[in-house]
Amino acid sequence: MTKELLVQFRSNQIDYQTVNDLLSQLWIHLNNKIPIGITKKVYSVATECLENIFKYADNDGTESLSFNVWSDDQYIYIDAENILKHVKIAKLEYNIDLVNSLDKIELKKLFKHKIQTRKISELGGAGLGLIIIARKIEGKISYKIKDVNAHYALFSFSAKISILSTEENF
Amino acid sequence: MNALNIEATEYTPRIFFDPAAHSLEIAGFSRPEDVKGFYQKFFGWHDTNLTELKNNAAECSHLDVSFKLVYFNSASSKCLLDILVCLSAVYHKKLKVKWHYEEGDEDLLEAGEEFSEALDIPFEYIETV
């Protein structure tokens, strides 16, 4: 099975220009090489993932923030890690467990409810990102939380998107 | 009342609203760093010109609304829905929405269908090659 690393990033923090650069790299790797529907799914999951990191990740001074996109013959994988203050963990776990517990129809209903009732937050989010990710990926969002010290934990995220056509080459 | 003309950038869409011509077009990419700030350009203009928009709505037979978006992020989807809610409150059943999507982009088509369902406004779906 052929594996290819499409996008790789590691640092202690991320700014929006870097978000733009990473997504541009990803678009160049995918566009016109795989069906547009899959390109858009991957781009969408990557965007929501990076924007969540941009908005919510904390910086403990270590290079614990990473974002990688890689592919094999069947899937495109998005893996990300970032530091979070402990106070943010419970809500994040709840939200991921919630979307993971729902099937595609229930996720659609949840999205419809939230988009009609939620407002844009001060951080610029609409509370829809995890729902969008869950709707577009194969299977469930995989995550781990590991305490780093008394103040911070390391949050690891992983998701994959199916490549429907196996005839395309990267 | 002047038309609202917001030029597209790499990460923000073109928004051109010309009530005199009874047309609104939103096209391109929507992934602004400050999504609230960007779309406030529309909502602010809308609020400033609300009385004239209501007069325009009363006089016109319909308002053509064209969405020609390549991609929009989750925060943008909220703002786009809110734009339609604003327009619907003024133009009511006079909105004629055309939702363009690229052939093969089933997610974008579905997004349009979900907006249509949320607002109870029929959309025309136009597949582009």
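How much space lies in the largest cavity? About 30 Å³, and this tour will take you there after a look at the interface and the pockets.

**Before you start**

This is a predicted model, in which local features need pLDDT of at least 70 and side-chain atom pairs count only at pLDDT 80 or more, while totals for chains, interfaces and linings use all residues. Residues are numbered from 1 along each chain as its sequence is written, chains are lettered from A and ligands numbered from 1 in the order in which they are written, and side-chain values use heavy atoms, with hydrogens and water left out.

**Stop 1: where the chains meet**

Colour chain A and chain B separately. The contact (heavy atoms within 4.5 Å) takes 33 residues from chain A and 28 residues from chain B. About 2400 Å² is buried between the two chains, and carbon and sulfur atoms give 50% of that area; buried area here is the accessible area (1.4 Å probe) that two parts lose on being put together, summed over both.

Side chains of opposite charge can pair when their charged atoms come close. Between chain B and chain A the count is 7 salt bridges, each a side-chain nitrogen of Lys or Arg within 4 Å of a carboxyl oxygen of Asp or Glu. Over all chains the structure holds 11. Select A:K41 and B:D107 to see one salt bridge, with the closest N and O atoms 3.0 Å apart. This pair crosses from helix 2 of chain A to helix 4 of chain B. (Helices, H or I with at least four residues, and strands, E with at least two, are DSSP runs numbered from the N terminus.) Then pick B:E117 and A:K112, whose side chains meet in a salt bridge at 3.2 Å, N to O.

**Stop 2: the largest pocket**

Move on to the largest pocket, with a volume of about 770 Å³. A pocket, on a 1 Å grid over the protein atoms alone, is an open set of points with protein on both sides within 12 Å along at least five of seven lines; a cavity is a set where a 1.4 Å probe fits but cannot get out, and lining residues have an atom within 4 Å of a point. Grid points are joined across faces, edges and corners, and a volume is the space filled by probe spheres set on the points.

Select A:N52, A:Y56, A:L92, A:N95 and A:L130, which lie nearest the centre of this pocket among its 37 lining residues. Which element gives the most to the lining? Helix 3 of chain A does, with 8 residues. By class, the lining has 21 nonpolar, 9 polar and 7 charged residues. (Ala, Val, Leu, Ile, Met, Phe, Trp, Tyr, Cys and Pro count as nonpolar, Asp, Glu, Lys and Arg as charged, and the others, Gly among them, as polar.)

**Stop 3: the second largest pocket**

Next comes a pocket of about 480 Å³, the second largest. Of its 23 lining residues, A:K136, B:D107, B:L108, B:E110 and B:A111 are the closest to its centre. You met B:D107 earlier, as the partner of A:K41. Helix 4 of chain B gives the most to this lining, with 6 residues. The lining divides into 8 nonpolar, 4 polar and 11 charged residues.

**Stop 4: the cavity**

Finish with the 1 cavity of 30 Å³ or more that the structure holds. Select A:F111, A:K112, A:I115, B:E114, B:F115 and B:A118 to show its lining. Helix 4 of chain A and helix 4 of chain B each give two or more of these residues. The lining has 4 nonpolar, no polar and 2 charged residues. A:K112 is a familiar face here: its side chain also meets B:E117 in a salt bridge.
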